[in-house]
Structure formats: structure tokens, C-alpha cells
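Open the model in your viewer and keep the selection panel at hand. Each stop below says what to select and what is there.

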Amino acid sequence: MPRFAANLSMMFNEWSFLDRFKAAADAGFDAVEYLFPYEHAPEDVARALSDNGLTQALFNCPPGDWGKGERGIAALADRQEEFRESIATALRYAEATGVKRLHFMSGLADPADPVAAARYRDAVAFAADRLGEKGIDLMLEPINGRDMPGYFLNDFGRAVALIEALGRPNVKLQFDIYHRQIMHGDVTMALRALLPVTGHIQIASVPSRNEPDGEELNYPFLFAELDRLGYAGFVGCEYRPRGGTVEGLGWFAPYRARRA
Ligand SMILES: O=C(O)[C@@H](O)C(=O)CO
Ligand SMILES: [Mg+2]
């Protein structure tokens, strides 16, 4: 059975960030993920995890100035120093939370620009080395251009080609099924082909990005397929509930972990 991680950036928004951990545990999750923890001290995040018996599945490195529209800085010109600092910051939170995988966003840049491509590749190699020293995997996540117009890493094939070209065992694919379906479709065959390089999976219905309980994709089939493939990682529930988060957890009932 897949091990689900509640995404606290999208789910449980009825609670303040640090209270979402308890809400997720009460709902039956034993792992959480989110975009960014950086508005909170590392020790406060660590306490929210340990108080509620939760495992930190994943979070993102700082993305540049999110409020001004930045979506990562890895492929951007003249941001190398800030990028390196962002990795150091993320590693401080990784040490506090015990997370074993981190994702950093590529940024908004033309994928055909050779300078952006070289910067991104250098950034991945640099971060892979820093994370590898701590036993942490680096996730590369292709994101669809409808949700994030102008995003550099907007193609699964390109992400996998880079992972294979770099040949570093701790650089892996973040396979967000929602993005995959919008960008390329053929989800099941892609899971079968790419599972060896996949380090994290995320889910949502398509096209609404709500609960994974209908619309274009048959999630019960895909969850069974992950079991058939022997996927042992986390499945991040990165969806926006249609209404109340708890009220929308009907899809989760058959998979809910038994909690004391
Ligand atoms: O799919 C997404 O949007 C996220 O996983 C992410 O990291 C960037 O927004
Ligand atoms: Mg995602």
C-alpha cells in the first residue's frame, strides 16, 4: 500500500502552518511534505513533527522571491551565490527534520537557452554533492506550463536525460502524476519505465488539482500499480481540497494508516 504524505502547503489550510501537523496526524497520515518551512524556526518544525509522530517526506529549497513571481533560481543568471546559500539553508532544516529528500525549483527561464541549461546543470551537480554528503537525495520535478508558464524544467524527458547524464545516484525524478498527465499523459507506462530513477511521487486529480478521486485519472488503479512495481517511497498528496480537507478524505479511507 502506498505511503501517503499530506502536503501541508495545500491541505489542512484551515489550520495555521504549525497546527497542520497535528491535523494531518489526526486524519491518519504518518508523513508530511510542504513547499517551504522557512517562515518557521527549524526547531519549531522539528517539534511539530516529533510531537505528532510524523516523518518529513520532502520539502523544497528556498525559491528566490516567491512574492515577486520567482519560481526557483537554479537556472537564472547571476544567482549562483544565492543558490548556494539556499542549499545551505535547506540543509539546516533537513538536519532538524531528518528529511531524506529535497527538491529545488529550476526557475523561469527559456529551456532552449544554452546558458540557462548550463547553469541548471551546474546547480544540480553542486546540490547533489552537498546533499550527498548528508545522505539526502535531490529531486528534479518537471512542472507543467499551464500552472507555471515559462518554467524551465517543463519536460519529463529532459529531466530524465539530465539525471542519466549526471549519473549521480542521489539525483532522482520527482514524478508528479498531475503534471505528467497534463504534459505528456501515458502515466502508467511512464511509471513503469521511470520508477528506477524516481525518488518521490505526488498526486492530484486532473484537471482540477483537487482530491485524487476521479476526473481523468483512475487513482485506485495507479496506487495498485505502484504496489505491483514495488514502489517503496512516499506519495505526496499535493492537491487543493474542493471543500474542507477532512471532509474530502473519503478517497484515503482504504489506505489510512492504523494509528494508536
Ligand atoms: O508540483 C508542484 O507545484 C510542487 O511539487 C512544487 O514543488 C513547486 O510548486
Ligand atoms: Mg509537485
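A residue counts as buried if 20 or more other C-beta atoms lie within 10 Å of its own, and as exposed if 12 or fewer do. Keep that cut-off in mind during the tour. Note also that this is a predicted model.

**Stop 1: strand E1**

Select residues 3-7, which form strand E1. Four of these five residues are buried, so the strand is largely enclosed by the rest of the structure.

Now add the two partners of E1. Strand E2 covers residues 31-33 and pairs with E1 in the parallel sense over two bridges. Strand E8 covers residues 234-237 and also pairs with E1 in the parallel sense, over four bridges.

Pick Ala6 next. Its bridge partner in E2 is Val32. Its bridge partner in E8 is Cys237. Then pick Ala5, which stands opposite Gly236 in E8.

**Stop 2: strand E8 and its other partner**

Stay on E8 and show side chains. Phe234 and Gly236 point one way, while Val235 and Cys237 point the other way. All four are buried.

Next, select residues 198-203, strand E7. E7 runs parallel to E8, and three bridges join them. For a reference pair, take Ile201, which stands opposite Val235 in E8.

**Stop 3: the whole barrel**

Zoom out and show strands only. What do the eight strands form together? They make a closed barrel, in the order E1-E2-E3-E4-E5-E6-E7-E8, with parallel pairing. From one strand to the next, the twist averages 30 degrees. Strands of a sheet pair through backbone hydrogen bonds, either parallel or antiparallel.

For one more piece of the barrel, select E3 (residues 55-60) and E4 (residues 101-103). These two run parallel and are joined by two bridges. Phe59 stands opposite Leu102 in E4.

**Stop 4: ligand 1**

Select ligand 1 and show what surrounds it. Which residues make up the shell? They are Leu35, Asn60, His103, Met105, Glu141, Ile143, Asp176, His179, Gln202 and Glu238. Color this shell by class. You get three nonpolar, four polar and three charged residues.

**Stop 5: helices H2 and H3**

Move to the helices. Select H2 (residues 42-51) and H3 (residues 80-97). They pack at an angle of about 35 degrees, and their axes are 8 Å apart. The crossing of H2 and H3 is right-handed.

Now show the contact residues. On the H2 side, pick Pro42, Glu43, Val45, Ala46 and Leu49. They meet Arg92, Tyr93, Ala96 and Thr97 in H3. By class, this contact has six nonpolar, one polar and two charged residues.

**Stop 6: Phe21**

Go to helix H1 and select Phe21. Is Phe21 buried or exposed? It has 26 other C-beta atoms within 10 Å, so it is buried. Leaving out residues up to four places away in sequence, Phe21 touches Val32, Ala48, Leu49, Asn52 and Leu54. Two of these names have come up before: Val32 is the partner of Ala6 in E2, and Leu49 is part of the H2 contact with H3.

Draw a distance from Phe21 to Gly199. Their C-alpha atoms are separated by 23 Å, and the two residues are 178 residues apart along the chain.

**Stop 7: two positive phi values**

Select Phe12, in the loop between E1 and helix H1. Its phi is near 60 degrees, a positive value in a residue other than glycine. Phe12 counts as buried because it has 26 C-beta neighbours inside 10 Å.

Then jump to Asp186, in the loop between helix H6 (177-183) and helix H7 (187-194). Phi of Asp186 is near 50 degrees, again a positive value in a residue other than glycine. Asp186 has 11 other C-beta atoms within 10 Å, so it is exposed.

**Stop 8: a cis peptide and helix H8**

Select Val206 and Pro207. A cis peptide bond joins them, with omega at about 10 degrees. Pro207 lies in the loop between E7 and H8.

Follow the chain into H8 (residues 219-229) and select Arg228. This residue has 10 other C-beta atoms within 10 Å, so it is exposed. Finish by drawing a distance to Arg192. The two arginines are 36 residues apart in sequence and 9.7 Å apart in space, C-alpha to C-alpha.

Technical notes: Residues are numbered from 1 along each chain as its sequence is written. Chains are lettered from A and ligands numbered from 1 in the order in which they are written. This is a predicted model: local features need pLDDT of at least 70, side-chain atom pairs count only at pLDDT 80 or more; totals for chains, interfaces and linings use all residues. Two strands pair if DSSP finds at least two bridges between them. Axes are lines fitted to C-alpha atoms, for helices over the stretch in contact, and angles run from 0 to 180 degrees between N-to-C directions. A crossing is left-handed if the near helix is turned anticlockwise from the far one by less than a right angle, and right-handed if clockwise. Two residues are in contact if their C-beta atoms, placed from the backbone, lie within 7 Å. Ala, Val, Leu, Ile, Met, Phe, Trp, Tyr, Cys and Pro count as nonpolar, Asp, Glu, Lys and Arg as charged, and the others, Gly among them, as polar. A residue is near a molecule or strand if its C-beta atom, placed from the backbone, lies within 6 Å of it.
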